[in-house]
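User: I would like to go through this model by question and answer, with the cut-offs stated as we go.

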Amino acid sequence: PIQGKTNNQMRSFFVLLFAFISNLIPAQENYLVKKITEPLVLDAELSESFWKDVKPVGKMWQYFPKDSVYAEYDTEIYLVYDDKNIYLAAKAYSPGNRYVTPSLRRDYRAGGNDNITFVFDTYHDNTNGFMFGTNPFGVMREALFFNGGTDNSFANLFWDNKWQSKSKIYEGYFICEMIIPLSTLRYKENSKVWNFKSYRFDTQSNETSVLKRMPQSVLIMALGFTVPIEFEFPLKKNGRNISFIPYASGNYTLDQITDKSQRSFNIGADAKIAVTSGLNLDLTVNPDFSTVEADRQQVNLTRFDITFPEQRQFFIENSDMFTGFGSYLNNPFLPPSSALISGNQIFSPFFSRKIGFAFDTVTGTNVQTPVVYGARLSGKIDADWRIGAMNTLTGKDLSRGIKSSNYSVVSASRRVFDRSNVAAIFVNKSVLDHREGDHEQAYSSVAGLEYNLQSRNNKWQRSEE
């Protein structure tokens, strides 16, 4: 009894000591993002008066070659906003002006060239983020981060949206300015505090720097290492965000020998509607995917299918709520066949690239089929809950043995603790006008439950399915 009492006293003493020391450590103050009324001229010159009145977000830390000292070449980052946009500026110092860029192509890869990246965690949950980046030559890139950004596969570079950027090179530094419309982002109405992070690659000094100090053992894009930013006034709802993209296409061919002609005509449309500030509705009718970038050619010498990334805009936003279960298939950074190298990460209950392809019984190959319609509701309900629901219908071609199919997916994700989540998914495919003896089943269904553990400092990561 005496020993037990002593242990309890010692335990209480250390708890009180830890609480006392924690109170002595000053909490990180939120960076105040001031509201402005003066218009911004996007010229990468920082000539507006309001830039002189704001302070940098913070001093940059080295991530490479060391992760325990301040960056040798700092980057000053400034943020302001108004009712329509967030304005961002950065002054990035370097030892010279011999900047490297392997390509002027949009959505470049960050490694191996000079560039700077900014990430907004609008729901303050260290789990999902909107990424915007540029380089000294003004090339732009954007992406969606999910699952805390703890793996390269948890980023979707095929997300595109409206924003502007301008860069200019000076002696010993370059400056970039950005205008990011609030309608481009998803956030809770009247929110005031977001998370923000930035990282930069400087090839001339061989230095990689981050806004908040983080260990090299953690991926640089991880959302567990952010700084809080606080807007001077709460953000209002930025009107109804609706985009509508119709199309029409026609074709006429004439056989000069037989004098026979053929005509075809197609119409369709895509729509994106912001149901709430965090929930988005995508609609498509007879979509035309001819403007989608072609896949890279791959030689498949394995017995597994090659898993190309999804690039069709209808399927991209919040794609992790559908294709992010149990696999690394939606990976714009790694080669398409990398999912095969991931060992136990091959299986996925749903892969959107299967929609719009069917087996041709005449040629014995997979061929493209039209999508008749699609409806997709996805996004945040609140700080903890995310949902996804999708229904699509593909067309038929009986001459090739292809029948119409309906795909339905429902998923939900609940955040637990700081950055972990529990998610569930249900997938169903139904073949319409199915007959006995057909090469595929009339319907197939699968359900799954997943738990992803992400500790606050990224020390512990675990996925159970």
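The questions below take up the cores, a loop residue, a strand hairpin and a charged side chain.

Analyst: This is a predicted model, in which local features need pLDDT of at least 70 and side-chain atom pairs count only at pLDDT 80 or more, while totals for chains, interfaces and linings use all residues. Residues are numbered from 1 along each chain as its sequence is written, and side-chain values use heavy atoms, with hydrogens and water left out.

User: Which strand gives the most residues to the largest nonpolar core?

Analyst: A nonpolar core is a set of buried Ala, Val, Leu, Ile, Met, Phe, Trp, Tyr and Cys residues joined through side-chain atoms within 4.5 Å, where buried means under 20% relative accessible area with a 1.4 Å probe and protein chains only. The largest such core has 49 residues, and W51, L79, F120, W194 and F196 have the most contacts inside it. Strands are DSSP runs of E of at least two residues, numbered from the N terminus, and the one giving the most to this core, with six residues, is β10 (residues 173-181).

User: Why does A71 count as buried?

Analyst: A71 sits in the loop between β2 (61-64) and β3 (75-81). Beyond residues up to four places away in sequence, A71 touches M60, W61, Q62, E207 and S209, a contact being heavy atoms within 4.5 Å. A71 counts as buried because its relative accessibility is 7%.

User: How many bridges join β21 to β22?

Analyst: Two strands pair if DSSP finds at least two bridges between them, and β21 (residues 405-416) is joined antiparallel to β20 (residues 385-394) by ten, with G388 opposite S411 in β21. On the side of β22 (residues 420-431), A412 has A424 as its bridge partner, and in the hairpin, with three residues between the strands, F417 takes a positive phi near 55°. The strands β21 and β22 run antiparallel, and the number of bridges joining them is twelve.

User: How far from E450 is the nearest side chain of opposite charge?

Analyst: E450 belongs to strand β23 (residues 443-454), and its side chain makes a polar contact of 3.0 Å with that of N452; such a contact is a pair of N or O atoms within 3.5 Å, one able to donate a hydrogen and the other to accept it, and residues adjacent in sequence count only if both atoms are side-chain atoms. E450 is buried but has no salt bridge, which would require a side-chain nitrogen of Lys or Arg within 4 Å of a carboxyl oxygen of Asp or Glu. The nearest side chain of opposite charge is R386, with Lys and Arg counted as positive, Asp and Glu as negative, and His and the chain ends not counted; its distance from E450 is 9.5 Å.

How values were computed: Helix = DSSP H or I, 4+ residues; strand = E, 2+ residues; numbered from the N terminus. Buried < 20%, exposed > 50% of the residue type's maximum accessible area, 1.4 Å probe, protein only.
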